[in-house]
Structures are given as structure tokens and as C-alpha cells.
Amino acid sequence: MRVLAALSGGVDSAVAAARAVDAGHDVVGVHMALSRSRAQHRNGSRGCCSLEDASDARRAADVLGIPYYVWDLSEEFTETVVADFVSEYAAGRTPNPCVRCNEHIKFSALLDRGIALGFDAVATGHYARISRGGPGGGDGVGAPSLHRSLDPLKDQSYVLAVMGAERLARSLFPLGDVASKEQVRAEAAARGLSVSAKPDSYDICFVADGDTQGFLRSHLGSRPGEIVDDAGDVIGAHDGAYAFTVGQRKGLQLPRPAADGRPRYVLEVDTEANRVIVGPDELLSVRDVVGRGVVWLAPDVPADTETEVTVQVRAHGEPQAATIRVAPGADGEEPELLVRLHAPLRGLAPGQSVVVYDGDRVLGQATVALTGRRALEHGRAAAPLGAGAPA
């Protein structure tokens with residue numbers, strides 16, 4: 001099989017490519033240049049897409065003895081991932097750029113270009129497993145299924161759920177069965193890969209200095225507005241509602257404390273009124289969620305039937321027991337994922353991904369559109385779930 005190995009410059013992608021070679025595939029390495037000003041990006045471990053990363057990727061390809069290319073995907077990255085990040089914050093939502101990067105770049109632009117060039121699959125260093133047999137995969141004839149990685153601490157199935165069944169069928173995750181990151185580093189060292197001790201990347205790769213609010217301010221400018229409490233009383237001012245996220249406590253810069261002395265948290269970002277609503281932490285807890293942009297990866301599991309599952313709403317969050325159903329959207333709009341959590345959950349914000357699991361298997365994914373009472377009222381009007389306490 002001809003395999004395109006995405007080499008980020010880190011240890012995970014290097015070992016994944018090595019394992020693809022070991023499996024007998026015809027492997028070609030490619031590094032994605034995602035920044036239009038790569039020389040200005042930081043070196044070290046805080047992000048990816050730096051000149052250092054490109055050099056490390058090339059050295060890994062040399063050690064593995066595979067061809068190596070750099071593909072300029074910066075235009076696609078800027079027009080999809082970066083633009084989505086800015087527009088989502090401008091709309092008062094909290095996006096996950098890694099989800100969008102997987103959707104639009106790693107398993108869309110990269111894979112589509114690879115297929116056009118005659119490649120059969122893309123291999124990446126993500127920690128997740130693909131089953132090509134069993135539920136959803138049958139004996140290799142049906143659709144493959146996506147599962148959590150063997151190492152729960154490194155599992156990345158949450159950010160991969162958006163890719164869809166067709167792209168999943170053309171993906172390889174060689175690290176899904178490793179027990180720990182330490183095992184990957186030891187394997188890299190044994191193979192003579194210089195990235196074996198390279199620190200993991202973190203933060204948002206296109207925010208060079210880690211200052212997300214500064215990045216948003218440079219793109220969205222000053223938009224002064226009011227901060228109000230949950231009763232609607234004006235208690236402060238802000239310079240841009242986009243700089244606030246649901247659940248935020250620090251940085252509110254309110255002139256006086258609450259009457260009861262308790263901390264205030266951001267409850268909602270109302271971009272239409274350009275207001276930030278704050279209140280006590282107990283108002284952050286919700287039980288009902290409506291998700292849109294549904295991706296369903298389990299053809300053998302009826303999506304329109306109430307199902308007891310677990311859901312995850314953050315990349316490294318704890319699974320939460322829930323009842324879900326996919327229902328037709330109002331007025332002929334796209335289907336919606338209706339979620340009722342069995343226990344209240346704090347700080348769930350529109351724009352986040354909600355991923356549905358059956359054990360370690362990913363059933364589907366959607367983007368949170370409504371939470372709490374708004375979600376409950378919408379769900380009742382659209383297609384109510386079973387009886388339960390309101391949010």
C-alpha cells in the first residue's frame with residue numbers, strides 16, 4: 001500500500017512513519033508548512049510549524065530512508081482553521097482549533113491531495129485505534145470504527161471524531177496500540193531518531209507567543225460593551241466580548257465584588273448584544289446539550305434511537321454518562337444531536353465538540369450549539385428525549 005506519512009517534526013509522527021515502513025508499506029514523508037511566516041514562529045516545544053520542526057522532520061525521513069517533501073498548505077490552513085478560530089470567538093463560541101485542523105487540513109487537504117497523487121492512505125502520529133473488523137467493520141467489508149488508544153493519557157480520538165467514515169477508511173494510526181509515550185520515546189531512541197527526547201508541543205500553534213487574547217484583539221479590534229450579572233444589572237465593562245469564555249473566572253476586572261462576596265464566572269457571551277453575563281458557579285452547571293454539524297461513524301448503531309452512552313466535551317475531559325439521539329433539525333435544517341447528561345456538568349460552551357462513545361468506540365461527534373435551559377427548551381420542541389430534570 002502506498003502511504004503518505006505526515007511528519008510534523010515530533011517523535012510521535014516519526015515513530016508512526018517508521019512503523020508504517022516496518023509494516024511493508026511504500027512510505028513517503030511529507031511535512032505540512034502551515035504558517036505564512038514560519039521564520040517568525042517560535043522554536044522549541046510550545047507549538048508546531050516552526051523551521052526547527054521542518055528540519056527535524058527531514059532528519060527523521062533520512063534516518064528512515066524514505067522520500068521527503070514539504071507541502072505548502074498555509075493558504076488552506078489560514079482560510080479554514082485560523083479563520084474559523086477568529087470567527088467562532090467573534091460569535092461568542094469556544095472553538096477547538098485542533099479539531100478543525102484534523103477536519104480541514106490533515107484529513108481533508110492532505111489526504112485529498114495524497115489520493116490525487118495515487119496514495120492509498122495517510123499515516124499520522126495520533127493516539128487512536130482503527131478497527132477494520134467487529135462492529136461497524138464486519139470482517140473488513142463494512143466501515144471501519146474509531147476507538148480510543150491503548151494509552152488513555154494520550155488518547156486523541158476526541159479530536160479525530162470529526163473526520164468522517166470515508167477519511168477514516170484511508171487513515172492509519174500506528175501508535176494506537178502503544179502502552180505509553182515513554183514506549184514511543186524508547187522506540188525512537190532505538191531507531192536512532194534524534195527527536196526521541198524532543199518535548200511535546202502544546203498551545204495553539206498559530207498563536208506564536210501564547211497570548212490568545214492578544215491574537216484575537218489584533219484580528220477583531222476593540223469592541224467595548226457591558227458586563228452584566230445574571231439579573232441583568234450592569235456591573236462592569238469589557239473591551240471585546242470575544243475575549244471571554246464560559247466558565248472563566250480570572251480577568252473579569254469587575255470594579256466591585258458580588259454582594260455575597262462569592263466569585264463570579266462567565267455564564268454566557270451574548271455577541272448580538274455585545275454583553276458578557278456573569279454569575280455564581282452553580283449557574284454554570286447544565287444537563288442538556290444540542291449539537292449541530294453531526295458526524296456519525298457507526299452505521300450499525302441507529303442514530304435516531306435513544307441510546308445510553310458516554311460523551312466527552314473536552315480533549316482530555318472525563319467521559320460523562322448521557323442519553324443521546326440524533327433528530328431532524330427544525331425547518332429542514334441539518335440533523336441535531338440531542339444530549340441529556342445524567343449528572344450536571346460545569347462550563348460547557350457553544351463551539352466545543354461533544355463526542356459520543358460506546359465504551360472505547362467513537363459513535364459520533366457534533367459541535368455544541370445550545371446548552372442548559374435553551375437546549376432543553378429547543379430539544380422539547382424538536383424531538384424530546386426521555387423525562388428528566390431540567391438543566
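Tyr 89 is buried, with a relative accessible area of 11%, and this residue is a convenient place to enter the structure, which is a predicted model. Its partner in an aromatic pair is Phe 85, which is also buried, at a relative accessible area of 1%. Both residues belong to helix 3, which spans residues 74-90, and they are four residues apart, about one turn of the helix.

Phe 85 has a second ring partner, Phe 206, and the two form an edge-to-face pair with 5.2 Å from centre to centre and 80° between the planes. Whereas Phe 85 lies in helix 3, Phe 206 lies in the loop between helix 7 (181-190) and helix 8 (212-220), so the contact ties together parts that are 121 residues apart in sequence. Phe 206 counts as buried because its relative accessibility is 10%, and the cut-off for that class is under 20% relative accessible area.

A search of the whole structure finds six aromatic pairs. One of them is the pair of Phe 85 and Tyr 89, which is edge-to-face, with a centre-to-centre distance of 5.0 Å and an angle of 65° between the planes. Phe 85, Tyr 89 and Phe 206 are joined by Phe 77 and Phe 215 in one aromatic cluster.

Rings elsewhere in the model are accompanied by charged side chains. Arg 2 lies over the face of Phe 119, at 4.2 Å from the ring centre, and the charged end of Arg 346 sits over the ring of Tyr 265, 5.2 Å from the centre of that ring.

Tyr 265 also leads to the strands, since strand 10 covers residues 265-270 and is joined by five bridges to strand 11, the two running antiparallel. Within this pairing, Glu 268 stands opposite Ile 277 in strand 11. The two strands form a hairpin with four residues between them, and in the turn Asn 274 has a positive phi of about 55°.

Strand 11, which comprises residues 275-279, is mostly covered, with four of its five residues buried. Strand 11 also pairs with strand 8 (residues 225-229), here in the parallel sense and over four bridges. In this second pairing, Ile 227 is found opposite Val 276 of strand 11. Strand 11 therefore has an antiparallel partner in strand 10 and a parallel partner in strand 8, as two strands count as paired when at least two bridges are found between them.

Technical notes. Residues are numbered from 1 along each chain as its sequence is written. This is a predicted model: local features need pLDDT of at least 70, side-chain atom pairs count only at pLDDT 80 or more; totals for chains, interfaces and linings use all residues. Side-chain values use heavy atoms; hydrogens and water are left out. Rings of Phe, Tyr and Trp (its six-membered ring) pair if their centres lie within 6.5 Å; planes under 30 degrees apart count as stacked, over 60 as edge-to-face and the rest as tilted. Buried means under 20% relative accessible area, exposed over 50%, partly exposed in between (1.4 Å probe, protein chains only). A charge sits over a ring if NZ of Lys or CZ of Arg is within 6 Å of the ring centre and within 35 degrees of the ring normal.
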